[in-house]
Amino acid sequence: MLIPTDPVSRYYDSEYPDPNHPVYPENTNCFKEYSLLQQDIPSYLTYAEQVQAHHILELCCGSGRVAIPLAHAGYTVTGVDLSQQMLSVFKQKLSAQPAPVQQRITLIHGDAGKLDTEQAQYDLIILAFNSFVFLEEETIQRAVLQKARTSLKPGGTLLLDNLNPAQLNLNGWTTPKPHLERRCIYSGNRYIRSSCATPMNAQQQQTLYGYYTEYLADGSTQQSDYQLTWRILFYEQLQSMLKEAGFSKQTAYGYYFDKPFSEEDRHIFMVAK
Ligand SMILES: C[S@@+](CC[C@H](N)C(=O)[O-])C[C@H]1O[C@@H](n2cnc3c(N)ncnc32)[C@H](O)[C@@H]1O
């Protein structure tokens, strides 16, 4: 079994498990911290059905949290990610799926902004769970939207799920904040992630950093540091960026498709055409 060495890839599926088939049921305590994540996959499935999608592109697909359920539902899915380790986790999970599901998924290792796609072949493009803001440079964010627009068939849709910066602590914090305890799906050991964040800088970037403390069977602990940078996008900026990339119609929701977006919402769930 492949065990990722990069800490974010190692703990990702323990942090954000499949609610229906968690390796450790106790890891679903994550939904106390990220309740919206329980709802995102059903929303993508509903939306794909509504628009009668056939071929879906998931940019920044990570370890397949969203792409695998879409393929299970019968959609043809292309997934793109920059992290070789996240894709290796994805491939490992995919190898345990029924053959038709495996056949419906194509994985591409690469930068979402430099994707070499044939023109206009997708009905639906998804950037799930803050993937768009994890493109940490404005130029990359713009390139990804341009690429998404030209890769969509006429009438196709782009779905973006970003945290709403109005609800984030953009001043940062330096006292490590412990998250709920979970179990590492590779070792079975308990671990706790502790997080800090820098203040947002002039490029609207904020670095999220911290460490995972894993409690080993011999009573010792193992600490692994992590660091990720995201580029914050305020609602109006996201709207104009989409417009400048050629998306002519946008609708924003606050809780997937349940209600129109307002600044009190934790997420901006954007549907662009
Ligand atoms: C928050 S994770 C989301 C993963 C998955 N979409 C999900 O919902 O669980 C963000 C992903 O974006 C990927 N990523 C970051 N920059 C990228 C880029 N320029 N091109 C492609 N993938 C990128 C990371 O490797 C990571 O897997």
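A polar contact is taken here as a pair of N or O atoms within 3.5 Å, and in the predicted model this criterion is met between Arg65 and the ligand, where a polar side-chain atom of Arg65 lies 2.8 Å from an oxygen atom of the ligand. Taken alone, the ligand exposes 600 Å², of which the protein buries 89%. Two further contacts involve nitrogen on the ligand: one such atom is placed 2.8 Å from an N or O atom in the side chain of Glu58, and a nitrogen atom of the ligand is also found 2.7 Å from a polar backbone atom of Cys60. The ligand is surrounded by 19 residues, the closest being Tyr12, Glu58, Cys60, Arg65 and Asp81. When the residues of this shell are sorted by class, eleven are nonpolar, four are polar and four are charged.

Cys60, whose backbone takes part in the ligand contact described above, was also examined with regard to disulfide bonding. A search of the whole structure returns zero disulfides, the cut-off for such a pair being cysteine sulfur atoms within 2.5 Å. For Cys60, the closest cysteine sulfur belongs to Cys61 and is 8.0 Å away, so the separation is too far for a bond. Cys60 counts as buried, because its relative accessibility is 19% and the limit for that class is under 20%. Cys30 is likewise without a partner, because its sulfur is 15 Å from the closest cysteine sulfur, in Cys184, which is too far for a bond. Cys30 is buried as well, with a relative accessible area of 0%.

Aromatic contacts were considered next, and the structure holds nine aromatic pairs. In one of them, the ring centres of Tyr44 and Phe269 are 5.8 Å apart and the planes meet at 45°, so the pair is classed as tilted. This pair links distant parts of the chain, with Tyr44 in helix H3 (residues 37-50) and Phe269 in strand E12 (residues 267-272), 225 residues apart. Both Tyr44 and Phe269 are buried. A further pair is formed by Tyr212 and Tyr226, whose ring centres are 5.2 Å apart with planes at 50°, so that this pair is tilted too. Here the residues lie 14 positions apart in the chain, Tyr212 belonging to strand E9 (residues 205-215) and Tyr226 to strand E10 (residues 221-231). Tyr212 and Tyr226 are buried, and together with Tyr11 and Tyr191 they form one aromatic cluster.

Terms used:
Residues are numbered from 1 along each chain as its sequence is written. This is a predicted model: local features need pLDDT of at least 70, side-chain atom pairs count only at pLDDT 80 or more; totals for chains, interfaces and linings use all residues. Side-chain values use heavy atoms; hydrogens and water are left out. A residue is near a molecule or strand if one of its heavy atoms lies within 4 Å of it. A polar contact is a pair of N or O atoms within 3.5 Å; within protein, one must be able to donate a hydrogen and the other to accept it, and residues adjacent in sequence count only if both atoms are side-chain atoms. Accessible areas come from the Shrake-Rupley method with a 1.4 Å probe; for residues, only the protein chains shown count as cover. Ala, Val, Leu, Ile, Met, Phe, Trp, Tyr, Cys and Pro count as nonpolar, Asp, Glu, Lys and Arg as charged, and the others, Gly among them, as polar. Buried means under 20% relative accessible area, exposed over 50%, partly exposed in between (1.4 Å probe, protein chains only). Rings of Phe, Tyr and Trp (its six-membered ring) pair if their centres lie within 6.5 Å; planes under 30 degrees apart count as stacked, over 60 as edge-to-face and the rest as tilted. Helices (H or I, at least four residues) and strands (E, at least two) are DSSP runs, numbered from the N terminus.
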